[in-house]
Structures are given as C-alpha cells and as structure tokens.
Amino acid sequence: MSAAATLTDKEIHELDELLALVPEPHETLDAVILDGYLCGVLVQPVQITQEEWLGPIFGTEGLPEPGKGEWTEARHNRLLTLIQRRYDELLRGVLEEGWFDPLVPMIEDDDGKPLEGKDAFEGLGYWVAGFEWALANFPQLEEAGLSGVPDLLDSLWRHLPEQDEVQQQMTKALDQEHPLKNLDAAIEALVFDVVDLAEIGIAERHKVQTVVRTEPKLGRNDPCSCGSGKKYKNCHGAN
C-alpha cells in the first residue's frame, strides 16, 4: 500500500471548516465524528466502496450538489479529497502500523483548563458516535457473529454519552474491571480496540473459500475426460 500523505493540523482545520460549510438540508458530520465514522467503515468484514460510504457523511440526504450558492465545485472537490486522504491515512495506520492518531478534542472548563477524571473523556464520546453512525449504516460487522466483536464494541460504546440500561450496566462493569487512568490511556485503549476489530473484519473479508471437487480426480492411466479415448497421461495430462 502506498503511503498516504498525513493531513497537517492546518488541513484538519480546513476539513472541519469545509464540513461546516456544506449547505442545508445536509446534516454533515464534523471532523471528529467523521474520523470515528471512517474507522467504522474500514473495520467491516466486507469491502465498503467509496460510493457507498461517502453519502452518510452528509446525513440522509446524500452528497451535496456542487455549484449551488456558496458551495462551489472547488470546495466540494477539495472536501472529498481531504476526506479520502484521511481515510487512506487511517487505513494505512491500522493495516501497516497497528496505530493511528484519532481526532479527539481536549475538552476544557469555563476557565480554559482541561477537564480531569472521566469528564476528560467527553471528546471520545463524539468520536465513538461517528463509529456508531458507520455501524448504523453498515451493520455487517455486528451481524456477522464474529468472535470477539461484541466485547470490543462494548469497550467503545462505554464512551457514548447516551446509553440504554443494558449498556449502562456494561459500562459500569468495564469501569470497575478495566478502569481508564486518564485520557491518554483511554485513547490508547480505543485505538487498540479499533485495530483489533479491523483485524477481525479484514481477516473475514479475505477468507479463502474452499473449492469442493464434484467429480473424482482422474488418475494418469484413466481415460481422458475429453472423450478422445486416450489415457489422461497421453492427452490433457501430458503436460
């Protein structure tokens, strides 16, 4: 796989600004949620094409039409280029390096100081919401029944701000059994969970199907199946 150019901080900011400029009625993801969404796409046990995964980035309306109002064709093409580059960057990190740097915001209090404790993990919730959005659109990973997937997903869902009663109990158990010391530890666990999911999903995608022979194998002294009357070794089996 050729190396994808890593987005600079300036380009990430540009990506976020372009996403915010997409006109209504599109409910476009921001850069953080987009990041989680792209990871949710690439871990799937089936290949999701760009044509398939681009649409949900802009909500349920599909891709915006360039050339309308302030949404110029240049802005449109630039946004798609940055999104594809980030996808390629994430894919390369997962497959070749076993690591990627997720776009997770540092949440600050009213005085501009970083939040501490579990409150510091709030930014992870936005990222995981994007991952969840990918699975809502492409449920193949959850439906495949692959070993290890449910536990890894629960480890991600613990960061979602809105949880049902079952997930709340699961999150409580994870916090007790596998507490996260700080934001760095939480990010590391998230990355490893995604990498493990990708390994499971992509391994399933690349499984080799066993070819079952429907007829008995010809011996070299058997008559050739072509009907020539010659022995197989003197006919189609000569080479």
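Which helix does Glu 11 lie in? In this predicted model, Glu 11 is part of helix H1. Is the residue buried or exposed? With a relative accessibility of 15%, Glu 11 counts as buried, because the cut-off for that label is under 20%. A polar atom of the Glu 11 side chain sits 3.0 Å from the backbone nitrogen of Thr 8. Setting aside neighbours within four places in sequence, the contacts of Glu 11 are Thr 6, Arg 78, Leu 82 and Arg 85.

From there, it helps to turn to the nonpolar core. In soluble globular proteins, nonpolar side chains tend to be buried together. Here, the largest nonpolar core has 60 residues, and the members that touch the most others are Tyr 37, Trp 53, Ile 83 and Phe 131. Several helices chip in: H1 (9–21), H2 (31–42), H3 (50–54), H4 (73–97), H5 (122–137), H7 (149–157) and H9 each give this core at least two residues. Helix H9 provides the largest share, with 10 residues.

Phe 131 gives a good look at one of those well-connected members. Once neighbours within four places in sequence are left out, Phe 131 is in contact with Gly 36, Tyr 37, Cys 39, Gly 40 and Val 43, and also with Leu 153, Leu 156, Trp 157, Val 194 and Leu 197. Tyr 37, one of these partners, is itself among the core members touching the most others.

What about empty space? Searching the whole structure turns up one cavity of 30 Å³ or more. The largest cavity holds about 30 Å³ of space. Its lining is made up of Ser 155, Arg 158, His 159, Leu 180, Ala 186, Ala 189, Leu 190 and Asp 193. Helix H9, spanning residues 183–205, supplies the largest share of that lining, with four residues. Sorted by class, the cavity lining comes to four nonpolar, two polar and two charged residues. H9 thus turns up in two places, with the largest share of the cavity lining and the largest share of the core.

The largest pocket is another matter, with about 200 Å³ of space. Around the pocket are Lys 118, Asp 119, Phe 121, Glu 122, Gly 125 and Tyr 126, together with Arg 158, His 159, Leu 160, Pro 161 and Gln 163. By class, the pocket lining has four nonpolar, three polar and four charged residues. Arg 158 and His 159 appear in both linings, that of the cavity and that of the pocket.

Notes
Residues numbered from 1 in each chain as written. Predicted model: local features only at pLDDT ≥ 70, side-chain atom pairs only at ≥ 80, totals over all residues. Heavy atoms only, no water. 1 Å grid on protein atoms, 1.4 Å probe; cavity = no way out; pocket = protein on both sides within 12 Å on 5 of 7 lines; lining within 4 Å. Points joined across faces, edges and corners; volume = space filled by probe spheres on them. Nonpolar A, V, L, I, M, F, W, Y, C, P; charged D, E, K, R; others polar. Core = buried A, V, L, I, M, F, W, Y, C linked by side-chain atoms within 4.5 Å. Buried < 20%, exposed > 50% of the residue type's maximum accessible area, 1.4 Å probe, protein only. Contact = heavy atoms within 4.5 Å. Polar contact = N/O pair within 3.5 Å; in protein donor to acceptor, adjacent residues only side chain to side chain.
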